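Please open the structure in your viewer and keep the selection tool ready. The tour goes stop by stop, and each stop says what to select and what is there.

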Amino acid sequence: MAAPRQTEFLRGRHCAKTALIQAGASDHHVRAHEDRSPIWPQGFIGSISHTKEIAIAVAASASNLKSIGIDIERRKRVTDKLAQEICIASELDWLSGFSTDQSHDLATLIFSAKETIYKCLYPSVQHVFGFSAVTILPDLDAGSFNAVLSSEIDTDYTNIQGRFCFSGQDVITSAILTRASL
Ligand SMILES: CC(C)(COP(=O)(O)OP(=O)(O)OC[C@H]1O[C@@H](n2cnc3c(N)ncnc32)[C@H](O)[C@@H]1OP(=O)(O)O)[C@@H](O)C(=O)NCCC(=O)NCCS
C-alpha cells in the first residue's frame, strides 16, 4: 500500500475503533474482504470514508439496523466533465438550474450520495453497480435526499432516504437501512 493510502487507511481504522467502542463493541478490529469492503465485528455494522485530510467512521449495533453508509468528499471536486460520468440526464438537468460554482458543489453532493448508497447496499447485494443505477433527488432545505434505485440492483428496496451536510471544505452524506425499513 502506498504511504498516503496507508495513512488514510489507518486514520479510517482509528475512527472505526473509536466508533465501535462508543457503540459498545468489545472487538474493535475491522478486517477487510479481498474486495476492500470492511468486515465489522459480529453483531455490529458500520461504514468508513476518508479524504486526504479527514477520516470519518460510524458503527452501530446490528440489532435494529441492517446497514449504514457514509461518505465524505472535498466540496466542488465534481466539475462538469466528471458530472457527465456520474449523473443521469434528470440530475444534469437539475444541476443546470444553478450557477457553475453551485452546480459543482451539488454535483459533488450527488456523487457522495451515490457512494453512500453503494456502501449501504453492498453488504446485502454483494455486487458492483454503476452510477446510473441510482438517481439522487436532494432536498436542499431539509438536508436530505431520496435515492431511487433501478432494477439492475439486486434488492427489494426501491428507494432509500439519506442525509447530507456541507461542513467547511467537505460534503458528508449518510444513509441507514433499518430492520423495519422494507
Ligand atoms: C468502494 C468505494 C465506494 C469507496 O469510495 P471512495 O470514495 O473511493 O473512498 P472512501 O474513502 O469514501 O471509502 C473507502 C472505504 O469504503 C469502504 N468500502 C470499500 N469497499 C466497500 C464496499 N464494497 N462496501 C462498503 N464499504 C466499502 C472501506 O472501508 C474503504 O476504506 P478502507 O479501504 O480504508 O477500509 C468506491 O471506491 C467504489 O468502488 N465504488 C464503486 C462504484 C460506485 O460507487 N458506484 C456508485 C453506485 S451508485
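Select strand E5, residues 65-74. This strand is mostly covered, since 7 of its 10 residues are buried. The model you are looking at is a predicted one. Now add strand E9, residues 170-178. E5 and E9 run antiparallel and are joined by 9 bridges. To see one pair of residues, pick Ser 67, which stands opposite Leu 177 in E9. As you step along a strand, keep in mind that in a regular strand the side chains alternate between the two faces of the sheet.

**From E9 to E8 and E7**

Keep E9 on screen and add strand E8, residues 159-167. Which sense do E8 and E9 pair in? They pair in the antiparallel sense, over 6 bridges. Ser 167 has Asp 170 in E9 as its bridge partner. E8 and E9 form a hairpin, with 2 residues between them. In the turn, select Gly 168, which has a positive phi of about 60°.

Next add strand E7, residues 144-149. E7 pairs with E8, again in the antiparallel sense, through 5 bridges. Here Val 148 stands opposite Asn 159 in E8.

**Two domains**

Colour residues 3-63 as domain 1 and residues 75-163 as domain 2, following the domain assignment of the protein. Taken over C-alpha atoms, the centres of domain 1 and domain 2 are separated by 23 Å.

**The core**

Which residues touch the most other members of the largest nonpolar core? Select Ala 16, Ala 57, Ala 59, Ile 110, Ala 113, Ile 117 and Ala 147; the core has 42 residues. Helix H4 gives the most to this core, with 10 residues. Both domain 1 and domain 2 give residues to the core, so it lies between them. In soluble globular proteins, nonpolar side chains tend to be buried together.

Zoom in on Ala 59. Not counting residues up to four places away in sequence, Ala 59 touches Ala 16, Ala 19, Leu 20, Ala 23, Ala 25, Trp 40, Phe 44 and Gly 46.

Move from Ala 59 to Phe 44, which is found in strand E3. Is Phe 44 buried or exposed? Phe 44 is buried, because 21 other C-beta atoms lie within 10 Å and the cut-off for a buried residue is 20 or more. Leaving out residues up to four places away in sequence, Phe 44 touches Leu 20, Ala 23, Ala 25, Ala 59, Ala 60, Ser 61 and Ala 62. For a long view, draw a line from Phe 44 to Ser 96: the two are 52 residues apart in sequence and 41 Å apart in space, C-alpha to C-alpha.

**Pro 138**

Select Pro 138, in strand E6, residues 134-139. Pro 138 is buried, with 20 other C-beta atoms within 10 Å. Apart from its neighbours within four places in sequence, Pro 138 is in contact with Leu 109 and Phe 145. From Pro 138 to Ile 110 the distance is 7.9 Å, C-alpha to C-alpha, although 28 residues separate them in sequence.

**Around the ligand**

Centre the view on the ligand. How many residues surround the ligand? There are 23, and the closest are Ser 37, Ile 48, Ser 49, Lys 114 and Tyr 122. By class, this shell has 12 nonpolar, 5 polar and 6 charged residues. Helix H1 (3-23), strand E3 (44-50) and helix H4 (100-125) each supply at least two residues of the shell. H4 has the largest share, 6 residues. Domain 1 and domain 2 each contribute at least three residues to the shell around the ligand.

**Two loop residues**

Most residues other than glycine have a negative phi. The last two stops have a positive one.

Select Arg 36, in the loop between strand E1 (31-32) and strand E2 (38-39). The phi of Arg 36 is near 85°, a positive value in a residue other than glycine. Arg 36 counts as exposed because it has 7 C-beta neighbours inside 10 Å, and the cut-off for exposed is 12 or fewer.

Finish at Gln 126, in the loop between H4 and E6. Its phi is near 60°, a positive value in a residue other than glycine. Gln 126 is exposed, with 11 other C-beta atoms within 10 Å.

Technical notes:
Residues are numbered from 1 along each chain as its sequence is written. This is a predicted model: local features need pLDDT of at least 70, side-chain atom pairs count only at pLDDT 80 or more; totals for chains, interfaces and linings use all residues. Two strands pair if DSSP finds at least two bridges between them. Helices (H or I, at least four residues) and strands (E, at least two) are DSSP runs, numbered from the N terminus. Domain bounds come from an automatic or database domain assignment. A residue is near a molecule or strand if its C-beta atom, placed from the backbone, lies within 6 Å of it. Ala, Val, Leu, Ile, Met, Phe, Trp, Tyr, Cys and Pro count as nonpolar, Asp, Glu, Lys and Arg as charged, and the others, Gly among them, as polar. A nonpolar core is a set of buried Ala, Val, Leu, Ile, Met, Phe, Trp, Tyr and Cys residues joined through C-beta atoms within 7 Å. Two residues are in contact if their C-beta atoms, placed from the backbone, lie within 7 Å.
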